[in-house]
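Here is a short report on one protein chain and its ligands. Look at the sequence and structure first, then read on.

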Amino acid sequence: MSDCLFCKILADEIPSDRVYEDEQMIVFKDINPKAEVHLLAIPREHIVSLTELEPQHDALLGHMLRQLPKIARQQGLDEGFRTIINTGEGGGQIVFHLHIHLMGGRNMPGFE
Ligand code: 5GP
Ligand code: ZN
């Protein structure tokens, strides 16, 4: 997907501050953090949103979710963290490459 912002980040065409990566996913700092810690976890595969998920993606999504607690701890979030997935324009999705927001620490928005 040549016009996808997060595919460009994956290809290092746009710089990002990566905190984790493996063969299936990368995690980098959100450029406009809404909390003390605000990361974005994305699959290397270009998937537009949750709406486009197929059964073949089950293992990928399971893998991504299981990495998050480990990454949160590495960021010092020992007491927990919040995950958000915005889906579609109505859900506030701006970048149409599936991503999981991982937030924690001070100034965490919403759902208090
Ligand atoms: P969405 O609203 O689509 O769920 O979230 C997109 C997120 O991507 C936003 O929190 C926004 O700050 C972040 N973002 C947008 N452009 C860039 C960028 O070029 N680099 C990084 N690291 N984050 C970005
Ligand atoms: Zn993409």
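A donor is an N, O or S atom within 2.8 Å of the metal. The model discussed here is predicted.

**The zinc site**

By that cut-off, the donors of the zinc ion (ligand 2) follow the spacing C-x2-C-x38-H-x50-H along the chain. The histidine pair links distant parts of the chain. H46 sits in the loop between β3 and α2. H97 sits in the loop between β4 (82-84) and β5. The two histidines are 51 residues apart.

Which residues coordinate the zinc ion (ligand 2)? They are C4 through SG, C7 through SG, H46 through ND1 and H97 through ND1. The distances run from 2.0 to 2.3 Å. The site is tetrahedral, with angles of 105 to 117 degrees among its 4 donor atoms. For four tetrahedral donors, the ideal angle is 109.5 degrees.

Are the two histidines buried or exposed? H97 is buried, because its relative accessible area is 0% and the cut-off for buried is under 20%. H46 has 22% relative accessibility, so H46 counts as partly exposed.

**Around ligand 1**

Ligand 1 is surrounded by 17 residues. The closest are D30, G92, I94, H99 and H101. Three of the pairings with oxygen atoms of ligand 1 are set out here.

| Residue | Atom of the residue | Distance to an oxygen atom of ligand 1 |
|---|---|---|
| D30 | polar side-chain atom | 2.5 Å |
| G92 | polar backbone atom | 2.8 Å |
| H101 | N or O atom in the side chain | 2.8 Å |

**Q93**

Q93 is in the loop between β4 and β5. Q93 is buried, because its relative accessible area is 4%. What does the side chain of Q93 have as polar partners? One polar atom of the Q93 side chain lies 3.0 Å from the backbone oxygen of V48. The backbone oxygen of V95 also lies 3.0 Å from a polar atom of that side chain. Leaving aside neighbours within four places in sequence, Q93 is in contact with V48, S49, N86, T87, G88 and H99. H99 is also among the closest residues to ligand 1.

**H57**

H57 is found in the loop between β3 and α2. H46 is in that loop too. H57 counts as buried, because its relative accessibility is 5%. The side chains of H57 and E45 are joined by a polar contact of 2.9 Å. Neighbours within four places in sequence aside, H57 touches E45, I47 and E52.

**The nonpolar cores**

The largest nonpolar core has 17 residues. M25, V27, L39, A41, M64, I71 and L102 touch the most other members. Which elements give two or more residues to this core? They are β2 (25-29), β3 (37-43), α2 (58-74) and β5 (100-104). The largest share comes from α2, with 6 residues.

M64 shows how the parts meet. Not counting residues up to four places away in sequence, M64 touches M25, A41, I42, P43 and I100.

Apart from this core lies another, of 10 residues. Its members include I9, L10, I26 and V95. V95 is also a partner of Q93, through its backbone oxygen.

**K8 in helix α1**

K8 lies in helix α1 (residues 5-10). K8 counts as partly exposed, because its relative accessibility is 27%. Its contacts beyond four places in sequence are S2, D3, E13 and I14. K8 and H101 are 93 residues apart along the chain, and their C-alpha atoms are separated by 18 Å.

**Two positive phi values**

Most residues other than glycine have a negative phi. Which residues have a positive value here? D12 is one of them, with a phi near 60 degrees. D12 is found in the loop between α1 and β1 (18-21). D12 counts as exposed, because its relative accessibility is 55% and the cut-off for exposed is over 50%.

N107 is another, with a phi of about 65 degrees. N107 is found in the segment after β5. At 63% relative accessibility, N107 also counts as exposed.

How values were computed
Residues numbered from 1 in each chain as written. Chains lettered and ligands numbered in written order. Predicted model: local features only at pLDDT ≥ 70, side-chain atom pairs only at ≥ 80, totals over all residues. Heavy atoms only, no water. Core = buried A, V, L, I, M, F, W, Y, C linked by side-chain atoms within 4.5 Å. Buried < 20%, exposed > 50% of the residue type's maximum accessible area, 1.4 Å probe, protein only. Helix = DSSP H or I, 4+ residues; strand = E, 2+ residues; numbered from the N terminus. Contact = heavy atoms within 4.5 Å. Donors = N, O, S within 2.8 Å, 3.2 Å for Na, K, Ca; no water. Tetrahedral: all angles 85-135°; square planar, octahedral: opposite > 155°, others 65-115°. Near = heavy atom within 4 Å. Polar contact = N/O pair within 3.5 Å; in protein donor to acceptor, adjacent residues only side chain to side chain.
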